[in-house]
Amino acid sequence: MSLLIKDEAPEKLIDENGKRVDGRGLKDLRPIKMEVGIVPNAAGSAYIEWGGNKIYAAVYGPREVHPHHMARPDRGILRVFYRMATFSVHERKRAAPGRREKEISMVMENSLSPVLFLELYPDSALELFVEIIAADGGTRCASITVAALALADAGIPMRSLVTAVAGGKADGKLILDCSGDEDKAGEADLPVAITWFNNEISLLQFDGIMSLEEFEETIESVKESLEKIHEMQQEALKRKYIDIRNDIKENESEHQHEGGDQEI
Ligand code: UDP
């Protein structure tokens, strides 16, 4: 028996009934869970499980910019550090950040900055650390989605949230939310992020081949699922405050009980 885990995409990504390898329909999202406020040392934080992806985002600052030459006297900067843990993928990833991590950090900065009021923080940096604990395709989209929650959790003024998901093409069919296998063996991968305050696309990357009609159809289905994911983000933020309110109520009633006992 071999203990090696094979990292090979299956030959067929979509069966004759239109089902994908993980049982999803063509336009189905993978299961998504989000939680806000889970890193105690950060100004704001969030966690997302999106299919096989597990990702933490933590926000620090605004604080002094190092190295100083990166500082802007008229406005703050957003710095993103997207990192994949060495154990996050089948084949051990090198610990040092590679070109891909630097590229994703940069596209995350570009896709999140439009919703921030960076002019409020001259000479300062907002720093956003994104740690990929497990990766299975679509980590940049999941990272943008969870990073927006961490920024909101930090109380950073924002024009709106940002949400991202990838459309794609596999076995000749248009699909949504590509898994790692579909990303690797599929024909196209099209990650998209939206800034809700102006309904503009702040990330659009494209890897593969698709006709113009297919591209337009993909953008339409991406838009529909972005709305669903945006609702989940809002629910995750609300849940944190409902939990805090319930904790306060519980504490108050415990104090009342304690007070009552003393009187007796
Ligand atoms: N991946 C990997 N090793 C790496 C980088 C990526 O196995 O060093 C996998 C990982 O599952 C990732 C997927 O390839 O999610 C697709 O990577 P891509 O660069 O397309 O970015 P993503 O889809 O994660 O945004």
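Visitor: What makes α2 a helix that lies across β1, β2, β3, β4 and β5?

Guide: Contacts do, since two residues are in contact if their C-beta atoms, placed from the backbone, lie within 7 Å. On that basis α2 lies across those five strands, running at about 150° to β2 (44-50). The model is predicted: local features need pLDDT of at least 70, side-chain atom pairs count only at pLDDT 80 or more, and totals for chains, interfaces and linings use all residues. Residues are numbered from 1 along each chain as its sequence is written.

Visitor: Why is α1 called oblique to α2?

Guide: Helix α1 (residues 99-112) packs on α2 at an angle of about 45°, with the axes 10 Å apart. Angles under 35 degrees count as roughly parallel, over 145 as roughly antiparallel, 65 to 115 as roughly perpendicular and the rest as oblique, so α1 is oblique to α2.

Visitor: Which residues of α1 and α2 meet?

Guide: From α1 come Ile104, Val107, Met108, Ser111 and Leu112; from α2 come Arg140, Ser143, Ile144, Ala147 and Ala148. By class this contact has 7 nonpolar, 2 polar and 1 charged residues.

Visitor: What makes β1 and β4 edge strands?

Guide: Two strands pair if DSSP finds at least two bridges between them. The open, mixed sheet has the order β1-β2-β3-β5-β4, and β1 (32-36) and β4 (77-84) each pair on one side only.

Visitor: How do you know that β3 pairs with β5?

Guide: Strand β3 (residues 53-64) is joined to β5 (residues 124-134) by 9 bridges, and the two run antiparallel. With at least two bridges required, they count as paired. Tyrosine 56 has glutamate 131 in β5 as its bridge partner.

Conventions
Helices (H or I, at least four residues) and strands (E, at least two) are DSSP runs, numbered from the N terminus. Axes are lines fitted to C-alpha atoms, for helices over the stretch in contact, and angles run from 0 to 180 degrees between N-to-C directions. Ala, Val, Leu, Ile, Met, Phe, Trp, Tyr, Cys and Pro count as nonpolar, Asp, Glu, Lys and Arg as charged, and the others, Gly among them, as polar.
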